[in-house]
Every structure is written in C-alpha cells, then in structure tokens.
Amino acid sequence: MTLTADSVWNECLSFIKDNIKPQAYKTWFEPIKPVKLSGEALTIQVPSKFFYEWLEEHYIKLLRVALVRQLGSDAKLIYDVKMENNYSSNRPQIVKIPSSNRDPLKPQKVAVPLESNKRELRNPFVIPGLQKVKVESQLNPNYNFLNFVEGDSNRLARSAGMAVANKPGGTSFNPLLIYGGVGLGKTHLAHAIGVDIKDKYPDKTVLYISSEKFTQQFIDSVKSNTRNDFIHFYQMIDVLIIDDVQFLSGKAGTQDVFFHIFNHLHQNGKQVILTSDKAPVDMQDIEQRLLSRFKWGLSAELQAPDYETRISILDNKLFRDGVEMPEEIVEYIAKNIKSNVRELEGVIISMIAQASFNRKEFSLELAKQIVDKFVKNTKKEVSIDYIQKEVSKYFDMDVATLQSKTRKRHIVQARQLAMYFAKRLTKTSLASIGNQIGQRDHATVLHACKTVDNLTETDKQFKKYVEDLTKKLTF
C-alpha cells in the first residue's frame, strides 16, 4: 500500500487519540490538516504560529513517537503555519517551519560528599543553604550541530567538536581550544558539543560557563572562605566548557585556581573545552604553565566564512525561520557581509522586522539600506590587536617584532603606523594604545601620529603604505 499524507496522519491521529485527553485532542489535533508526504518528511498545516509553538512545547514527544511508528527513525515533521502577521501582503501567508524534534535539556545531579570538613559543599549556581546540588548545564539547546553550517572556514573545528562529543575525554583533543574572531561561531560550537554530549551521555555532568562568571564565583568563594568547596565543585564536572578564556589574562588568582581544576579534570579523563578570540601564542598576561596546557590538545581556528558558506548560512537561517526570500537578495547580502556570521543573521532579522512591521516587500533596495548600516558599523569596530596583525602582515613581520624595542627604521615605521591607525580607528586613549603596542607611553604615540602625518605629505612610498593599510583596515 502506498503511503500518503492523509493515511500517515490518520494513523498518527489514532495513536495520539489513545494517549491524550479527548478535550486536548479536539483542541490541538482536530484542526490540523495533512499537506504533503515527501520521503520521511510529513508536512502538516496548523492555524497559527501560537498553535505551532504550543505543539512544539507540549506534544513534540508524542508527535515524534507517532511519526516514527509510521515512517521510521528518520521521520521528519514540517509545519505549514498560517501567519497572522504577514510580512507584506494582505493575503494569509503560509511559512514552512521544521520541527525541532527535541526536548529541553534536563537538569543534572552531582553526587557530593555529605560533609567536607564539617561544612556544606556549596554549589555556586544555587542559593546557599539548599540541600540538593543540582547543576544546570547552562547550555542552549538551540545551538546545536544541526544548525551549525559546515564550510572550509570551520571544518576542522566542527569535526574535532563532533569527535569530542562522541567520546568526551577519550580523544587526544583534550583540551579542545576553539579560537577565532568575533561572531564566527565559537560559542555556538561550544554549546553544540555540550548539547550533543548530553544527548548521547545523559549521565555525564556538563557545564558551560563564561570566564567572567567563573572569575566572579571564585572571588565570591574567597570572600566567604569557601575556596576549597569551589575547587571541589568544579573537579566533579565531567565536561567543562569555558567561554572567552582570554579574559583570564591578568587575573593571577583565578588562573591559579583554574590551573588546579584543569589538572584534576585532565588527569581523570574529563573533557575540557575552551573558546578564545586569540590563539594561545597571542594571549598576553596568561601564566606560561597554563598556556602550555592550552596547547596540550587541539587548537582549532574558526575563520571568516567564504561566499558559498555564507549563502548556506543564510539559507539555513531562512529555512529555520520559515521565511522565503528571493535568491538575488540572499546573494547580495552574502557578497557584502563578509566579516562574521552574527552580522549575516542580523541582516536577515532586520529584513524580516522591516517587512513585518512596515509592511514592506523583500526587495534589493531594502537589503541595500540594511547592509549599508551593518558595513558602516563594521568599519568602526576595529581592535588594536587586529590593527597590529594587519600592519605586521603588510610589512612581513610578526607582532612580537612590531612591539619589540628595536630601532631598525622599517620596524619603527610599522610600529608608528600601528599607533597612528589605533588612534584614528579606535576610541582607545593614547596611554592604552601605547601600553598595548609594545608598552610605550602616551608621548610616544603622539610623536608617532605626528611623524606619520609629516611623512605622508613628504614621502610618496610612505603615503602608499598609509593608503594600502587604510583600505585593509576600513574594510
């Protein structure tokens, strides 16, 4: 017998009817209409966005079981949702939204000793005095491997992340350090690894935390004289994910306590995952013993996505939001937003908002207006680290040489150019610029800026340096 959308849905309904109350069945399942069956994917039409959200929140498990019984383990559910707020038309608009097919992550319990020096072991994530230690993973289930689009720019990091998720603590990628610029998916990938581990190993205790929050918890433990409890708590975690580890720089006490926690976890076969906006060699004010441990496992870089990957990211985002957009608009956005993924998604969100609230059609003109704002913002967001890297690359030297005390003419000129662009393109004070570029004082930066201005007017070759670097640094 050939399966049809109607036959599959009717079988699903008879199963659902036996498992929920009649009133709930009448309210939430009778209004649904089967639309299409394509392979293992069943499309059903629901009356509103609220209806779709209610089904996803309360009945997704039941729907999943019913579908798997009819279509097998690869069954997929897609909703045709009648939108109350159409983007730009008076006619009701139908959008396709795939089911998430997943439940929220459950809290995890940690076995702790009842007494620790006759003092209760405190969990820094709960109010002191609570008896049970429940550890919320702090993971966002929406950040998963399914919506992390693979490309040449992230293949190594994504593959390493999946290997770690399959066998946490059992690979040579321990620690796994994911590094790269702003908005390239470091946090998304870190969450995805944690979410995948929780799916495959529900008994493992996974914890995601930012380095800032980790530092604050350590400071609180010192104030309350519970430093040992703080260390013991973190030593019981199976998979520890620390975001933006570069913010530990200059915090000697926090680095010291993290060193002991890291050693314990690593020696006991527990997994450590770190993210950073810098490679280990570029991290400053981090103790050498800690840096050497960051290099023990794998350091995987996330780079800016290429054009094809940017197209895939935009298509994926539109599919997940149930929005259809003309191909030429998607291509225009991908060609013009090159710096990071966050901005790509930001443009799509802005487009949808404009179309929805102002009743505008999706058009190339609207895309140009929104993209212009994003590109202008990008020009302003240039860091001193980035300036030093680009200037060093332009003059074929490393950043350490640029920052060194040497008085060789071409190195001095490169250093002066870095200071000049840091003053011009950032809002950082002269003293801070000097400190970051080889620990000079503000007078040196002022002198460098004047020298660059003078040489630009008198030296043609130097003027070309300034023009070339201006193009590079202002996108």
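Start with helix α17: 13 of its 17 residues are buried, so the helix is largely enclosed by the rest of the structure. Keep in mind that this is a predicted model.

**Stop 1: α17 end to end**

Select residues 409-425, which make up α17. Put a distance label on the end C-alpha atoms; they are 24 Å apart. At 1.5 Å a residue, the helix should span 24 Å, so the model agrees with expectation.

**Stop 2: Q413**

Stay in α17 and pick Q413, which lies in this helix. Is Q413 buried or exposed? Its relative accessible area is 9%, under the 20% cut-off, so Q413 counts as buried. Now show what surrounds the side chain and backbone. Leaving aside neighbours within four places in sequence, Q413 is in contact with L455, F462 and Y465.

**Stop 3: α15 against α17**

Add α15, residues 384-394. The axes of α15 and α17 come within 9 Å. They cross at roughly 145°, and the crossing is right-handed. Which residues meet here? From α15, show I384, I387 and V391. From α17, show A414, A418, F421, A422 and L425. Colour this contact by residue class: eight are nonpolar, with no polar and no charged residues.

**Stop 4: V149**

Move to the loop between β6 (134-135) and α5 (155-166), and select V149 there. V149 has a relative accessible area of 17%; that is under 20%, so this loop residue is buried. Leaving aside neighbours within four places in sequence, V149 is in contact with N154, T309, S312, I313 and N316. Take N316 from that list. V149 and N316 are 167 residues apart along the chain, yet their C-alpha atoms are separated by 7.7 Å.

**Stop 5: the largest nonpolar core**

Go next to W9, F29, L55 and Y79. These residues have the most contacts inside the largest nonpolar core, which has 31 residues. Which elements give two or more residues to this core? Select α1 (5-17), α2 (22-28), β2 (41-46), α3 (49-58), α4 (60-71) and β3 (76-83). Highlight α1, which supplies the largest share, seven residues.

**Stop 6: another core**

Finish at F214, I231, V245 and F258. They are among the 29 residues of another core, which lies apart from the largest one. Show both cores together, in two colours, to end the tour.

Definitions and conventions: Residues numbered from 1 in each chain as written. Predicted model: local features only at pLDDT ≥ 70, side-chain atom pairs only at ≥ 80, totals over all residues. Heavy atoms only, no water. Axes fitted to C-alpha atoms, helices over the stretch in contact; angles between N-to-C directions. Helix = DSSP H or I, 4+ residues; strand = E, 2+ residues; numbered from the N terminus. Left-handed = near helix turned anticlockwise from the far one by under 90°. Contact = heavy atoms within 4.5 Å. Nonpolar A, V, L, I, M, F, W, Y, C, P; charged D, E, K, R; others polar. Buried < 20%, exposed > 50% of the residue type's maximum accessible area, 1.4 Å probe, protein only. Core = buried A, V, L, I, M, F, W, Y, C linked by side-chain atoms within 4.5 Å. Expected span 1.5 Å × (residues − 1).
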